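Below are my notes on the model you sent, set out as numbered points. I begin with the chain as a whole and then turn to its internal cavities.

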Amino acid sequence: MGFFVFKERILKRVLVFIAVFLLVFIFSGKAAYAMHITEGILPSEWAITWFAVSVPFLAIGIYKVKRKKREVHSYLPLVGMLGAAVFVFSCFPIPVVALNGMATSHPCGTGMSAILLGPFVSVLIAGIALLIQALFLAHGGLTTLGGNIFSMGILGSFSGFFAFRIAQRCRMSLFWCGFFAGVISDLFTYLGTSIELGLLVIKNGGSFFKATAEIFGVFMMTSQGVLCIVEGVIVGFIMVFVYKRRPDILLLLGIKKNAKPV
Amino acid sequence: MGFLHHTFTDRYTQRNNWLTRIDVRVKLIYLLSMLIANLWAKNAYVSLSFLFISFVFLLTINIFPLVMIKNMVLPLLFAFMMLVVKGLHEGENEWISFSVAGYIVALKKEGILGGLQIGGKILGGVSLVILFSLTTTMSQLNAGLKWLRMPNTVLELMSFMYRYIFQLLNEVSAIWYAQRARLGHASWRKAIKSFGVLGGMLIIRAVERAERTSEAMYARGYKGGCILTCHLKPLERNEYICFSGMALFFPFLLYAGNIKIW
């Protein structure tokens, strides 16, 4: 009994230490990355499940790139370069409004890559970006790669792509098309991450919906809610800027069919 | 924007030490086996031993452990979130409870213990990945992944992205500093618009660079085939001994991970 009380006391101290450490971290002006599930969090059954879900999308992406690069020789450098550009875009340090700019967050970029390259190739690019981040930035993980590809790659790319296309069908301006793609892809990415984390409490009798809602709520209330809108605005500005300076790029990528004024 | 240059862990990979000299296939097999053992573990012994081993190995190649600790800050943030989520949703025995704006926060003992175990897994898993990335170059990684039958298209795209991330990052950094010097980030509105211009320039430069690169590739005889040349020497006796060692050690890791602590 005495040992258990002692262990409890140690646990409480550990918790207080972690809380203080994290507060110091949050207010130290570092970048806040929250959408990638880190190594070791997903248990084996979920890690395998998310890999199994992601593999078909990746396979279709690989097939599309392989087929296209044989037809158009400049396709591989184009995809690689735009992939690098989206990776760099996803490193933009956006100040977090909720913390009065004391910490920064970063955009996902999958909405933009889905607009530029199409959803399946975007899933592949997201997968490669996540692998590079997991290995060289300790951001995400190898066993959680499937889960991260599902939330960021699949949900982010497809939702962003369809949001862009629907906005185009509704004859919205290019800015609003980009805006909705950015916002919706971000929202779905965080929703995906929340679902993946929420599913972890089912095994031990927890409420999946409550946990998912709470995690999603925390994401939205801290940095990511505003970030969704900010990313949407930035993607909108990017589309308009590229269209004004180099409309041929959007024509080349099949984003615009004709060069009308913005 | 300079933060990414300093965060990439591959800047230590060009050093000549006993870990960089190990064949990448051996390192990959060890990494994957240990990550699986970490994932399957039902206690924190195995994970924490991985963390300890990683720190010791880093010390042997004269890399200060602070490099690893810096990279672990973000995973720790996630670990804390999991601790709170599990504490709130798992278990019966209430440990700490308090009210925040009418919302009763009740942390349960079982959930907290489960959360701490996940924390150990995160630390163990991330430390292994960091150790690998600190001692393996991208070209070695490509060769290893090719040996693991990763499709060529993925490796080509990964090489392209990795090759140009730093160049694009340099260009974007220059534009970003120029914008800041001219008060382009003085207010929130200006900052968002500046980020839009920055992202637009990034896309335009990526496409222009892709055009130039594809011309250069075409001039060198590229016809849409494979562009990678990964040289893998035949496996030697030392590598076979290492593989056998892991084959013998792996069941022990799985067994040690299943010893119950709490």
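**Notes on the fold and the cavities**

1. In this predicted model, contacts in chain A between residues at least 6 apart in sequence join, in 70% of cases, residues at least 24 apart.

2. The secondary structure of chain A comprises nine helices together with three strands, and when the chain is read along its sequence these elements come in the pattern α-β-α-α-β-β-α-α-α-α-α-α.

3. As to burial, chain A has 262 residues, of which 60% count as buried. The area that chain A exposes is about 10400 Å², and 71% of that area is supplied by carbon and sulfur atoms.

4. On internal space, five cavities of 30 Å³ or more are found when the whole structure is searched, and the volume of the largest cavity is about 80 Å³. The lining of this largest cavity is made up of 13 residues, among which A:V86, A:C108, A:A126, A:A129 and A:M152 are the closest to its centre.

5. Which elements give two or more residues to that lining? In chain A they are α3 (75–89), α4 (110–117) and α5 (119–136), and of the elements that contribute to the largest cavity, α5(A) gives the most, with four residues.

6. The character of the lining also deserves a remark, since by class the largest cavity is lined by seven nonpolar and six polar residues, with no charged residues. For this count, Gly is placed among the polar residues, whereas Ala, Cys and Met are among those taken as nonpolar.

Notes: Residues are numbered from 1 along each chain as its sequence is written. Chains are lettered from A and ligands numbered from 1 in the order in which they are written. This is a predicted model: local features need pLDDT of at least 70, side-chain atom pairs count only at pLDDT 80 or more; totals for chains, interfaces and linings use all residues. Side-chain values use heavy atoms; hydrogens and water are left out. Buried means under 20% relative accessible area, exposed over 50%, partly exposed in between (1.4 Å probe, protein chains only). Contact means heavy atoms within 4.5 Å. Accessible areas come from the Shrake-Rupley method with a 1.4 Å probe; for residues, only the protein chains shown count as cover. On a 1 Å grid over the protein atoms alone, a cavity is a set of points where a 1.4 Å probe fits but cannot get out, and a pocket is an open set with protein on both sides within 12 Å along at least five of seven lines; lining residues have an atom within 4 Å of a point. Grid points are joined across faces, edges and corners, and a volume is the space filled by probe spheres set on the points.
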